[in-house]
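Please read the following walk through the structure with the coordinates open beside it. The account moves from individual loop residues to the ligand and then to the nonpolar interior.

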Amino acid sequence: MTFDYAPAPESRSVVDIAPSYGLFIDGEFVDPIDGATFKTVNPATEEALAEVTEAGPLDVDRAVRAARTAYRTTWSRMPGSERAKYLYRIARLIQERSRELAVLETLDNGKPIRESRDVDIPLAAAHFFYHAGWADKLEYAGYGTRAYGVAGQVIPWNFPLLMLAWKIAPALACGNTVVLKPAETTPLTALAFADICRQADLPPGVVNIVTGDGATGRALVEHPDVDKVAFTGSTEVGRQIQRAVAGTRKGLTLELGGKAANIVFDDAPLDEAVEGVVNGIFFNQGHVCCAGSRLLVQESVADEVLDALKRRLSTLRLGDPLDKNTDVGAINSAEQRARIEELVRAGDDEGAERWSAACALPERGWWFPPTVFTGVTQAHRIAREEIFGPVLAVLTFRTPDEAVEKANNTPFGLSAGVWSEKGSRTLWMASRLRAGVIWANTFNRFDPAAPFGGYKESGFGREGGRQGLAAYLRTEG
Ligand code: NAD
């Protein structure tokens with residue numbers, strides 16, 4: 001039986017997008033000194049949403065100076081219990097403005113409203129609540145209480161407000177001030193957050209938002225008066241940043257790419273595992289650093305799992321991200337879709353077998369159907385490189401040893417999933433998998449109390465939990 005769904009679009013009228021935005025420096029929106037402008041676009045419609053400033057080096061310098069002054073004159077002098085009040089206030093304002101933020105995120109990013117409403121925005125608020133609790137208890141965390149000073153933070157486009165929260169909440173809790181650069185394709189929720197800082201009466205200069213592309217990011221990372229660099233993004237840019245920071249006293253944390261294995265054993269509850277595989281790779285169109293982009297399925301149940309998976313994928317609804325029925329939204333940019341297409345062509349050329357869910361793609365905007373590759377070998381590019389899109393590479397295994405060997409055969413080490421009825425097997429696997437986060441019988445679960453981060457080319461440092469505080473406290477001389 002098939003069902004027809006009446007569209008249930010969220011109202012766009014809950015957001016008020018200005019025609020143009022300046023930079024948020026020293027507590028106010030200012031015009032750039034040496035910046036240009038660019039348009040931010042709705043990827044589902046290609047409609048320009050607003051004109052945004054591309055900050056130049058002088059603008060970045062002005063933001064860093066504002067952050068330095070705020071650090072010296074207010075923030076570093078304030079007791080943790082007072083800083084906590086600001087963090088709690090910000091958390092409550094995110095909750096109060098959650099509907100507006102969710103719609104704005106979906107318009108600018110292309111992700112389904114269901115996800116921005118139920119995952120991104122509540123988790124962003126949760127990060128501020130969690131870190132507010134730490135602000136006056138830092139001496140119990142075990143990393144001292146000495147802040148770095150000014151943190152320069154650069155984030156990607158896949159979870160714009162959530163990545164901002166992961167960066168700003170711990171930095172402020174530990175007593176640092178911040179200059180943050182959002183990704184060029186998704187600046188709008190960071191600019192709305194600037195307004196939240198104003199609403200919360202955060203002292204001017206404690207949080208500064210400079211929009212722009214990689215050149216703005218580079219100017220921030222290389223600024224001599226930045227004490228700590230925190231970056232989330234691609235491994236390639238992470239390498240450039242590590243080189244730029246080498247030989248300075250700057251602290252550095254890097255949260256980079258991934259190629260996670262989602263490992264399904266034959267004793268797993270298979271219906272649940274299939275749901276977990278779908279969530280693992282098709283959540284947020286696969287634009288997830290820890291996405292379960294490699295399915296490792298035990299040979300004895302491979303056919304059964306693949307049949308169920310394809311049946312389930314055929315029921316996913318792709319389309320208007322503002323529609324509350326939508327499961328799969330738009331690809332964030334034309335460049336990202338071109339990258340996905342290039343790797344998918346490589347999969348075809350290398351002889352893997354491609355299957356895509358039959359779904360009509362809207363005429364405007366950037367889209368890619370949920371896609372599964374079978375017959376994949378470990379040497380294939382689609383098994384080794386991060387596709388960062390709704391594309392799953394399926395490999396099989398016979399024994400737990402083989403599953404471990406294949407799961408670890410990657411330059412990355414961010415996350416993994418294990419699906420099995422046996423706790424002892426899950427623990428055995430977890431002790432052998434080289435990944436920062438391992439989920440058991442679930443996938444893509446996040447909690448501010450749980451540290452998140454990678455090994456190998458997935459970066460270093462942790463975000464969230466007690467361990468995440470270490471990234472924002474100077475522990476050495
Ligand atoms: P990207 O590296 O191209 O860009 C990330 C950010 O860095 C953007 O704000 C960009 O403007 C800026 N940037 C680009 N060049 C720079 C430079 N030379 N110096 C300073 N900043 C520069 O990555 P992306 O395409 O926006 O994001 C996708 C990548 O992010 C994927 O590889 C994904 O796995 C990764 N990611 C990792 C995590 C994690 O926690 N490990 C989380 C989300 C995304």
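In this predicted model, Gln285 has a relative accessibility of 0% and therefore counts as buried, the cut-off for that class being under 20%. The residue sits in the loop that runs between α9 (270–282) and β12 (294–298), and although Gln285 is not a glycine, its phi is positive, at about 55°. Asn444 can be read alongside it, since this residue, again not a glycine, has a positive phi of about 55°. Its place is in the loop between β17 (437–440) and β18 (459–460), where Asn444 is buried with a relative accessible area of 10%.

The loop between α10 (302–313) and α11 (334–349) holds Asp327, and Ser333 is found in the loop between α10 and α11 as well. Asp327 has a relative accessible area of 16% and is buried, because the limit for that class is under 20%. Apart from neighbours within four places in sequence, Asp327 is in contact with Pro112, Arg114, Glu115, Thr315, Leu316 and Arg317. Ser333, with 8% relative accessibility, is likewise counted as buried. The side chain of Ser333 reaches the backbone nitrogen of Gln336 at 3.0 Å, and, once neighbours within four places in sequence are set aside, Ser333 is in contact with Thr185 and Trp366.

A further loop residue is His380, which lies between β14 (371–374) and α12 (381–384). His380 is buried, with a relative accessible area of 8%, and its contacts, leaving aside neighbours within four places in sequence, are with Glu350, Ala352 and Gly375. Between the C-alpha atoms of His380 and Ser234 the separation is 20 Å, the two residues being 146 residues apart along the chain.

Ser234 leads on to the ligand. Which residues come nearest to the ligand, of the 29 around it? They are Ile155, Glu184, Ser234, Leu256 and Glu386. In the case of Ser234, an N or O atom of the side chain is 2.6 Å from an oxygen atom of the ligand, whereas for Ile155 a polar backbone atom is 2.8 Å from a ligand oxygen. Gly233 also takes part through its backbone, with an N or O atom lying 3.3 Å from an oxygen atom of the ligand. On its own the ligand has 850 Å² of accessible area, and the protein covers 92% of this.

The nonpolar interior remains to be described. In soluble globular proteins, nonpolar side chains tend to be buried together. The largest nonpolar core in this model has 111 residues, among which Phe128, Phe193 and Leu309 touch the most other members. Helix α5 (residues 160–173) supplies the largest share of this core, namely eleven residues. Because domain 1 (12–256 + 458–474) and domain 2 (261–447) both give residues to this core, it lies between them. The surroundings of Phe193 can be listed in detail: not counting residues up to four places away in sequence, Phe193 touches Ile90, Ile94, Phe128, Leu161, Leu164, Ile168 and Val207. Separate from this core is a second one of 28 residues, which includes Ala352, Phe373, Val376 and Ala393. Through Ala352 this second core can be linked back to the loop residue discussed above, for Ala352 is one of its members and is also in contact with His380.

Terms used. Residues numbered from 1 in each chain as written. Predicted model: local features only at pLDDT ≥ 70, side-chain atom pairs only at ≥ 80, totals over all residues. Heavy atoms only, no water. Core = buried A, V, L, I, M, F, W, Y, C linked by side-chain atoms within 4.5 Å. Buried < 20%, exposed > 50% of the residue type's maximum accessible area, 1.4 Å probe, protein only. Helix = DSSP H or I, 4+ residues; strand = E, 2+ residues; numbered from the N terminus. Domains from an automatic or database assignment. Contact = heavy atoms within 4.5 Å. Near = heavy atom within 4 Å. Polar contact = N/O pair within 3.5 Å; in protein donor to acceptor, adjacent residues only side chain to side chain. Areas by Shrake-Rupley, 256 points an atom, 1.4 Å probe, with all protein chains shown as cover.
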